[in-house]
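Here are a few exercises to work through with the model open. Try each one yourself before reading on.

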Amino acid sequence: MSHRLRMRGRRLGPWGEYVNHAYARVLSLPPLIAILSPHPFRHLIPLILSPSPMSVILVTGGSGLVGQAIKHIISTSPPNSRFGKKDNETWIFINSSEGDLRNPEDTKRLFEKYKPTHVIHLAAMVGGLFRNMKYKLTFFRENTLINDNVLWSAYQNNTKKVISCLSTCVFPDKVEYPLDETKIHLGLPHESNFGYAHSKRMVDIQNHAYKEEFGCNFTSAIPTNVFGEYDNYDLEDAHVIPALIHKCYLAKKNNTPFIVGGSGTPLRQFIYSRDLAKLFIWQLREYEDVEPVILSVGEDEEVSIKQVADAIVEAMDFKGSYEFDTSRADGQFRKPASNKKLLSLINKPGEEEFRFTLFKEALQVSVQWFLENYDTARTGVRK
Ligand code: NAP
Ligand code: GFB
């Protein structure tokens, strides 16, 4: 719509041109007017003058490790900044108490209730190596049900965009390294977690099928192993970092040996949950492609399980004896993922730069959070 003044259809001559130009300038200057406008209505001016449609962003799995990290970043970053909440956004974080996503009726009801325009789909049955090895069918069935219900409800609700969350364990175990986004379906995943891995791979298949048949904008992220505040510290079900933080804490408290499972030689890449949170927000706002993207630190940041245990011993200031229980499984030896695609997209001139938090720094704050929140954390210990 051209902003031109007319007096009953007659053009206003040279002065008219000047008035038109000034009028257009005023319309394109919401911030200036916002600053001059009386508080508290100031923030409404931009919405009124150039209203971008309201976005309702639903985060499933909002109470978990990654969900809590997104909540933290969105609520603590400057409003309207690259990783902060935008004025036209409403963020909703749900967990299983609001509805069981394995149940199609519950899922449909949640989508009808919140009518999300965008979804970050994190909800899943999740666990470390030992839990995966024990419940392969349950991991496959529960995650397949959850993912199918969420994508189908998103389609029925005309949701504009869904980002689902896979994991680097979806990649084939025997393939040329490094792993990249083109290699997901090039062979079987590692046997220790094939139930979970296949259920997650199916999401990539579903995304492409929804796009081809209905034109849906459903995509996915492939994070590497994640750690941080609000993790699951259950001694048997947890991933390695929260499990070893909990075990080291108990060893120090009870003056018993700190036992690390396996040989300590496997290699892993670890991303801090609050860094991952920023990358999900970036993918939501700035990534438009059905193809998945790996969200991870670089391949050169692989660390051995022994190095992880050493770093936890240091962060916990543990002085007792520390040994390896080689009767426990090592699982996949390594799954080195390339983050080249991410790095080629994330940092653009003029945009707030994204940087990864140093591993030891992130581990220190994660240990501190665990010590300060032991009584309320998910430790699996009856309190
Ligand atoms: P998490 O801490 O275990 O949290 C899982 C979340 O999913 C919780 O909010 C849980 O709600 C919800 N949920 C589970 N089953 C549900 C159901 N049937 N209906 C509704 N909600 C349900 O998991 P996370 O570590 O944050 O993982 C988030 C995503 O990242 C998952 O898709 C996972 O596969 C993926 N991922 C994780 C890692 C990792 O190292 N942690 C690595 C790669 C990918 P309640 O609190 O109510 O149970
Ligand atoms: O984090 P984690 O359970 O998952 O284990 P994966 C990583 C490594 O830590 C293995 C060793 O080599 C374990 O032997 N480890 C040592 C321990 N002590 C412990 C301990 O007390 N607990 C645990 N859990 N590990 C998972 C997949 O594989 O990665 C999941 O099974 C998911 O599906 C997750 O993808 C991200 O990296 O081996």
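**Exercise 1.** How do the residues of the lining of the second largest cavity divide into nonpolar, polar and charged?

Solution. Keep in mind that this is a predicted model. Start with the count: there are two cavities of 30 Å³ or more, and the second largest holds about 40 Å³ of space. Next, list its lining: Phe227, Phe270, Ile271, Tyr272, Val297, Glu301, Thr357, Leu358, Phe359 and Ala362. Sorting these gives eight nonpolar, one polar and one charged. As for where they sit, β9 (270-272) and α13 (359-372) each supply at least two lining residues, and β9 gives the most, with three.

**Exercise 2.** Find the partners of Arg109 and Glu112 in salt bridges, and say how each pair is placed in helix α5.

Solution. Take Arg109 to begin with: its side chain meets that of Asp106 at 3.8 Å, N to O. The two are three residues apart in α5 (residues 104-114), so about one helical turn separates them. Now Glu112: it pairs with Lys108, with the closest N and O atoms 3.1 Å apart. These two are four residues apart in α5, again about one turn. Finally, check exposure: Arg109 is partly exposed at 39%, as are Glu112 at 44% and Lys108 at 35%.

**Exercise 3.** Are Glu229 and Arg274 buried or exposed?

Solution. First, the contact: Glu229 and Arg274 form a salt bridge, their closest N and O atoms 3.5 Å apart. Glu229 lies in the loop between β6 (225-227) and α9 (240-254) and Arg274 in helix α10 (residues 273-286), so the pair ties together parts 45 residues apart in sequence. Both residues turn out to be buried.

Note on methods
Residues numbered from 1 in each chain as written. Chains lettered and ligands numbered in written order. Predicted model: local features only at pLDDT ≥ 70, side-chain atom pairs only at ≥ 80, totals over all residues. Heavy atoms only, no water. 1 Å grid on protein atoms, 1.4 Å probe; cavity = no way out; pocket = protein on both sides within 12 Å on 5 of 7 lines; lining within 4 Å. Points joined across faces, edges and corners; volume = space filled by probe spheres on them. Nonpolar A, V, L, I, M, F, W, Y, C, P; charged D, E, K, R; others polar. Salt bridge = Lys/Arg side-chain N within 4 Å of Asp/Glu carboxyl O. Buried < 20%, exposed > 50% of the residue type's maximum accessible area, 1.4 Å probe, protein only.
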